[in-house]
Amino acid sequence: MQTQSFKLLLWTFLTFASLHQGKGAKCSADGPTVNQTQVGFGNPPKFMVEVHNNCAMCPVIDVHIKCGNFSQALVSPRLFKVLGHDNCVVNAGLPLPPLQKFSFNYSHQKYPMSPSIWYFQCE
């Protein structure tokens, strides 16, 4: 019984040790970035948002974005889910592979956006 408890505790510790908040050991200065480009000039304007994983070694998961008062009605929650004021999550928190980007569009006045919390899933 003690051996099973120890194995469970060790497995739990190793699982959480592989997740690094904000900056991973292999990606010390390569956190995700958010870029917005105006792609439509109507009224309202249309913006393309790209979230980049700048780490060449590790996937980034559970990327939260400071998003102000972003309206959930502007985009599918599978792409960009509003969790609360100034807290949105990208791609349902699913992994974004190394050096890849995730994008979506919305039509509205521009919302300021920047990464707030993320985790690297390094081996």
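Two strands pair if DSSP finds at least two bridges between them. Helices (H or I, at least four residues) and strands (E, at least two) are DSSP runs, numbered from the N terminus. With that in hand, let's work through some exercises.

A word on the ground rules. This is a predicted model, where local features need pLDDT of at least 70 and side-chain atom pairs count only at pLDDT 80 or more, while totals for chains, interfaces and linings use all residues. Residues are numbered from 1 along each chain as its sequence is written, and side-chain values use heavy atoms, with hydrogens and water left out.

**Exercise 1. Get your bearings**

Task: find how many helices and strands the protein has, and the pattern they follow along the sequence.

Solution:
- Step 1: Count the elements, and you get 1 helix and 8 strands.
- Step 2: Read along the sequence, and the pattern is α-β-β-β-β-β-β-β-β.
- Step 3: Check burial, where buried means under 20% relative accessible area, exposed over 50%, and partly exposed in between (1.4 Å probe, protein chains only). Of the 123 residues in the protein, 33% are buried.

**Exercise 2. Follow Cys-88**

Task: work out which residues face Cys-88 in strand 6.

Solution:
- Step 1: Start from Ile-65, whose bridge partner in strand 6 is Cys-88. Strand 4 and strand 6 run antiparallel and are joined by 2 bridges.
- Step 2: Now come from strand 5. Val-82 stands opposite Cys-88, and strand 5 pairs with strand 6 in the antiparallel sense over 4 bridges.
- Step 3: Look at the turn. Strand 5 and strand 6 form a hairpin with 2 residues between them, and Asp-86 in that turn has a positive phi of about 65 degrees.
- Step 4: Glance at Leu-83, also found in strand 5. Leu-83 counts as partly exposed because its relative accessibility is 45%. Its C-alpha atom is 10.0 Å from that of Cys-67, 16 residues away along the chain.

**Exercise 3. Put a sheet in order**

Task: give the order of the strands in the open sheet of 3 strands, and name its edges.

Solution:
- Step 1: The order is 2-3-7, and the pairing is antiparallel.
- Step 2: Strand 2 and strand 7 are the edge strands, since each pairs on one side only.
- Step 3: Neighbouring strands here are turned by 20 degrees against each other on average, direction ignored. The axes are lines fitted to C-alpha atoms (for helices, over the stretch in contact), and angles run from 0 to 180 degrees between N-to-C directions.
- Step 4: Zoom in on one pairing. Strand 2 and strand 3 share 7 bridges in the antiparallel sense, and one example is Thr-37, with Met-48 as its bridge partner in strand 3.

**Exercise 4. Spot the backbone oddities**

Task: locate the cis peptide bond, then the positive phi values of Asp-62 and Leu-99.

Solution:
- Step 1: The cis bond runs from Asn-43 to Pro-44, with omega near 10 degrees. Pro-44 sits in the loop between strand 2 (33–40) and strand 3 (46–52).
- Step 2: Asp-62, in strand 4 (residues 60–66), has a phi near 50 degrees, a positive value in a residue other than glycine. Asp-62 counts as partly exposed, because its relative accessibility is 28%.
- Step 3: Leu-99 is not a glycine either, yet its phi is positive at about 60 degrees. You'll find Leu-99 in the loop between strand 6 (87–90) and strand 7 (101–107). Leu-99 is exposed, with a relative accessible area of 56%.

**Exercise 5. Match up the rings**

Task: say how many aromatic pairs the whole structure has, and describe the one between Phe-70 and Tyr-106.

Solution:
- Step 1: Learn the rule. Rings of Phe, Tyr and Trp (its six-membered ring) pair if their centres lie within 6.5 Å; planes under 30 degrees apart count as stacked, over 60 as edge-to-face and the rest as tilted.
- Step 2: Searching the whole structure gives 6 aromatic pairs.
- Step 3: Phe-70 and Tyr-106 are edge-to-face, at 5.2 Å centre to centre with 85 degrees between the planes.
- Step 4: Phe-70 lies in the loop between strand 4 and strand 5 (80–84) and Tyr-106 in strand 7, so the pair ties together parts that are 36 residues apart in sequence.
- Step 5: Phe-70 and Tyr-106 are both buried. They belong to one aromatic cluster with Phe-47, Phe-80, Phe-104 and Tyr-111.
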